[in-house]
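Student: I'm new to this one and would like to look at it step by step. Can we go through it together?

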Amino acid sequence: MEQRAERFLTLFRKLEGLLEKRYDGKRMSSGSVVMEYLHDPDSAPCRTDLDLCREIRNILSHNTDEAGEAVVEPSQSVVDMLEGIVAYVQRPRFARDYGTPGDRILFAHPNDEAIGVMRHMMRMGYSHVPVRDRTGLVGVFSAASLMRYVGDTGFEKLHDNLRIGELKNALDFDDERSEKYAFFDANATLTTVREAFEKRRERNSRLAVAFITEDGEQHSQVLAMLTSWDVLRDDQ
């Protein structure tokens with residue numbers, strides 16, 4: 001009994017250490033690091049099992065008999081369960097590994113001709129092309145942004161030499177009419193990004209693209225770009 005109880009507590013301490021590193025400086029609450037993780041979308045696959053392990057850990061840590069021994073014995077299946085949770089936390093599926101890497105993303109510049117960008121998109125099968133200047137990302141060019149531009153200015157403003165920069169207002173991330181975009185930091189997991197796409201879909205406010213940057217900020221270097229196809233397909 002003591003060996004299994006000690007093994008369980010050792011695994012739980014290891015789990016806490018892993019989560020402390022994950023949330024270093026990024027805690028959303030003052031509760032335990034395990035409770036922090038239980039509210040993290042990434043814990044979804046193991047949340048029920050982890051909550052059970054948390055309760056067992058509390059019993060083992062705070063309840064002993066007169067000899068100082070634990071009053072409950074975790075079964076081998078429970079120990080194995082906790083080992084599986086630790087393994088899952090040790091090998092998180094980072095969202096950046098499931099999208100288009102930053103060095104393979106087709107970026108447009110405000111001075112690029114829109115017709116040239118559209119031809120490239122059609123040839124490569126791209127639906128969205130991020131636009132960046134010296135400061136970083138300034139928007140996303142897509143069929144929807146072109147339609148917003150036409151709606152605002154009229155068809156007479158379309159011409160063969162139309163530059164991407166002329167569509168500025170239609171590309172703006174903050175335009176309430178625009179498609180929705182989200183930014184995540186480098187440690188964002190696939191589960192976290194997938195939940196963002198699913199929530200947006202449920203609210204009938206579709207998330208078009210998720211960008212992964214080092215710190216989750218718009219003007220930082222883009223590490224990866226994900227669409228709903230990248231995160232919602234069945235083989236994930």
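Student: Let's start with a pair. Are Asp42 and Arg22 buried or exposed?
Tutor: Keep in mind that we're looking at a predicted model. A residue counts as buried when its relative accessible area is under 20%. Asp42 and Arg22 each fall in that class, so the answer for this pair is buried.

Student: And how far apart, N to O, are the side chains of Asp42 and Arg22 in their salt bridge?
Tutor: First, place the two residues: Asp42 sits in the loop between H2 and H3, while Arg22 belongs to helix H1. They are 20 residues apart, and the pair links distant parts of the chain. Their side chains meet in a salt bridge with an N to O distance of 2.9 Å.

Student: How many salt bridges does a search of the whole structure find?
Tutor: Side chains of opposite charge can pair when their charged atoms come close. One of the salt bridges here joins the side chains of Arg7 and Glu83 at 2.8 Å, N to O. Searching the whole structure gives a total of six.

Student: Which helices hold Arg7 and Glu83?
Tutor: Both residues are partly exposed, Arg7 at a relative accessible area of 38% and Glu83 at 30%. Their side chains meet in a salt bridge. That pair links distant parts of the chain, 76 residues apart, with Arg7 in helix H1 and Glu83 in helix H4.

Student: What separates Arg54 and Asp51 in helix H3?
Tutor: The side chains of Arg54 and Asp51 meet in a salt bridge of 2.9 Å, N to O. Asp51 is partly exposed, with 26% relative accessible area. Because the two are three residues apart in helix H3, what separates them is about one helical turn.

Student: Why do the buried residues of H3 line one face of the helix?
Tutor: The buried residues in H3 are Leu50, Cys53, Ile56 and Leu60. On the face turned away from that buried side, H3 carries the exposed residues Thr48 and His62. Looking down the axis of H3, the buried ones line one face because they fall within an arc of 120 degrees.

Student: How far does H3 reach from its first C-alpha to its last?
Tutor: H3 has 16 residues. At 1.5 Å a residue, a span of 22 Å is expected, and the model comes close to that. From first C-alpha to last, H3 reaches 22 Å.

Student: Which helix gives the most to the largest nonpolar core?
Tutor: That core has 23 residues, and those with the most contacts inside it include Phe8, Leu15 and Leu82. Helices H1, H2, H3 and H4 each supply at least two residues. With seven residues, the helix that gives the most is H1.

Student: Beyond its neighbours within four places in sequence, which residues is Leu82 in contact with?
Tutor: Leu82 is among the residues with the most contacts inside the largest nonpolar core. Leaving aside those sequence neighbours, Leu82 is in contact with Phe8, Leu11, Phe12, Leu15 and Cys53.

Student: What distance separates the C-alpha atoms of Leu137 and Gln218?
Tutor: Leu137 lies in strand S3 and is buried, at a relative accessible area of 1%. Among the residues in contact with Leu137 are Phe107, Phe173 and Gln218. Although Leu137 and Gln218 are 81 residues apart along the chain, their C-alpha atoms are separated by 6.2 Å.

Key. Residues are numbered from 1 along each chain as its sequence is written. This is a predicted model: local features need pLDDT of at least 70, side-chain atom pairs count only at pLDDT 80 or more; totals for chains, interfaces and linings use all residues. Side-chain values use heavy atoms; hydrogens and water are left out. A nonpolar core is a set of buried Ala, Val, Leu, Ile, Met, Phe, Trp, Tyr and Cys residues joined through side-chain atoms within 4.5 Å. Buried means under 20% relative accessible area, exposed over 50%, partly exposed in between (1.4 Å probe, protein chains only). Helices (H or I, at least four residues) and strands (E, at least two) are DSSP runs, numbered from the N terminus. Contact means heavy atoms within 4.5 Å. A salt bridge is a side-chain nitrogen of Lys or Arg within 4 Å of a carboxyl oxygen of Asp or Glu. The expected span of a helix is 1.5 Å times one less than its number of residues. The arc is that of the directions from the helix axis to the C-beta atoms.
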